[in-house]
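The following paragraphs guide a new reader through one structure. Please keep the sequence and the three-dimensional view at hand while reading.

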Amino acid sequence: MRVYVPLTLSGLAEAHRTRELGTGPLLAYAVTPALREWCGSDDIEELEYAALSRAALGSLRLLAADAAAARRRVVVAADVSDGAVSAGSDRGSDPAALGEVRVAGPLPLGRSASVHVDAADAEADVAAAAEALAAADRGDDDAQFAVDGAEDHELLWYATQEIAGLVGAGD
């Protein structure tokens, strides 16, 4: 099963250093029945893009909680066995929980298929979105507009061999 793990650049650097995305259980996003129903599609590429987008929002939540983190969303796509994944949310039908799963750990970085990161030119919009996220969650339309501004930026695709360059580490 393909899962999408939200991180920050510092979290990606830690994963590069330790060679694992975490010890688990890890919050991730995947094509779940609820996400499939919400999307109203059977197109697997569309569904995986939706899961990736949900993980990007998860990364934004990590950024909102860590003022020191670089203002770029990071998502790692990884392949895990179906048995390593369980329903992730205890929030029932909360729309914010769509696609959430838990991955039993540890999750080796070697299971990663790709990395998705904001371009540097997205940093201002991502910073504004992270600042506005709590208000957007409370229903503030202006704050939601700021969050949507970050979502207007497509995450760039990187091969796993490029992680060292993304985090400024030499191998």
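Contact, in the description below, means heavy atoms within 4.5 Å. The model under discussion is a predicted one.

With that meaning of contact in place, helix α5 offers a starting point. Its buried residues are covered by neighbours that include α3 and α4. The buried residues in question are A143, V147, G149 and A150. Around the axis these residues span an arc of only 150°, which places them on the same side of α5. D141, D142 and F145, on the other side of α5, are exposed. A general feature of helices helps in reading such a pattern: an α-helix has 3.6 residues a turn, so residues three or four places apart point the same way.

One of the helices covering α5 is α4. Helix α4 comprises residues 123–137 and helix α5 residues 141–151. Two packed helices are described by the angle between their axes and the distance between the axes. For α4 and α5, the axes come within 7 Å of each other and cross at roughly 140°. Angles over 145 degrees would count as roughly antiparallel and those from 65 to 115 as roughly perpendicular; α4 and α5 are therefore oblique to each other. Their crossing is left-handed. On the α4 side, the contact is formed by D125, V126, A128, A129, A132, L133, A135 and A136, while α5 contributes A143, Q144, A146, V147, G149 and A150. Sorted by class, the residues of this contact comprise 11 nonpolar, two polar and one charged.

Helix α4 also meets helix α3, which covers residues 44–65. Here the axes come within 9 Å and the crossing angle is roughly 95°. The two helices, α3 and α4, are therefore roughly perpendicular to each other. From α3, the residues L57, L60, R61, L63 and A64 meet V126, A129, A130, L133 and D137 of α4. This contact of α3 with α4 has eight nonpolar residues, no polar ones and two charged ones.

Attention may now turn to helix α1, which runs over residues 9–18 and in which L9, L12, A15 and H16 are buried. Viewed down the axis of α1, these buried residues fall within an arc of 115°, so they line one face of the helix. The elements that cover them include the strands β1 (2–7), β2 (20–22), β4 (74–79) and β8 (112–117), together with helix α6 (163–167).

The end of α1 deserves a separate look. Most residues other than glycine have a negative phi, and most peptide bonds are trans. R19, just after α1, takes a positive phi of about 70°. This residue belongs to the loop between α1 and β2. With a relative accessibility of 48%, R19 counts as partly exposed.

R19 appears again among the partners of two residues further along the chain. P108 is part of strand β7, residues 107–108, and counts as partly exposed at 38% relative accessibility. Apart from neighbours within four places in sequence, P108 touches R19, E20 and L21. The C-alpha atoms of P108 and R2 are separated by 14 Å, with their positions 106 residues apart along the chain. L109 lies in the loop between β7 and β8 and is buried, with a relative accessible area of 6%. Leaving out neighbours within four places in sequence, L109 is in contact with A15, H16, R19, E20, L21 and I163. Its C-alpha atom is 9.8 Å from that of R17, a residue 92 places away along the chain.

Two further strands complete the tour. V101 belongs to strand β6, residues 100–103, and is buried, with a relative accessible area of 4%. V101 and H16 are 85 residues apart in sequence and 23 Å apart in space, C-alpha to C-alpha. L156 is located in strand β9, residues 156–158. At 34% relative accessibility, L156 counts as partly exposed. Beyond its neighbours within four places in sequence, L156 is in contact with V115, H116, V117 and A119. Between the C-alpha atoms of L156 and S114, which are 42 residues apart along the chain, the separation is 10 Å.

Terms used
Residues numbered from 1 in each chain as written. Predicted model: local features only at pLDDT ≥ 70, side-chain atom pairs only at ≥ 80, totals over all residues. Heavy atoms only, no water. Axes fitted to C-alpha atoms, helices over the stretch in contact; angles between N-to-C directions. Helix = DSSP H or I, 4+ residues; strand = E, 2+ residues; numbered from the N terminus. Parallel < 35°, antiparallel > 145°, perpendicular 65-115°, else oblique. Left-handed = near helix turned anticlockwise from the far one by under 90°. Nonpolar A, V, L, I, M, F, W, Y, C, P; charged D, E, K, R; others polar. Buried < 20%, exposed > 50% of the residue type's maximum accessible area, 1.4 Å probe, protein only. Arc of directions from axis to C-beta.
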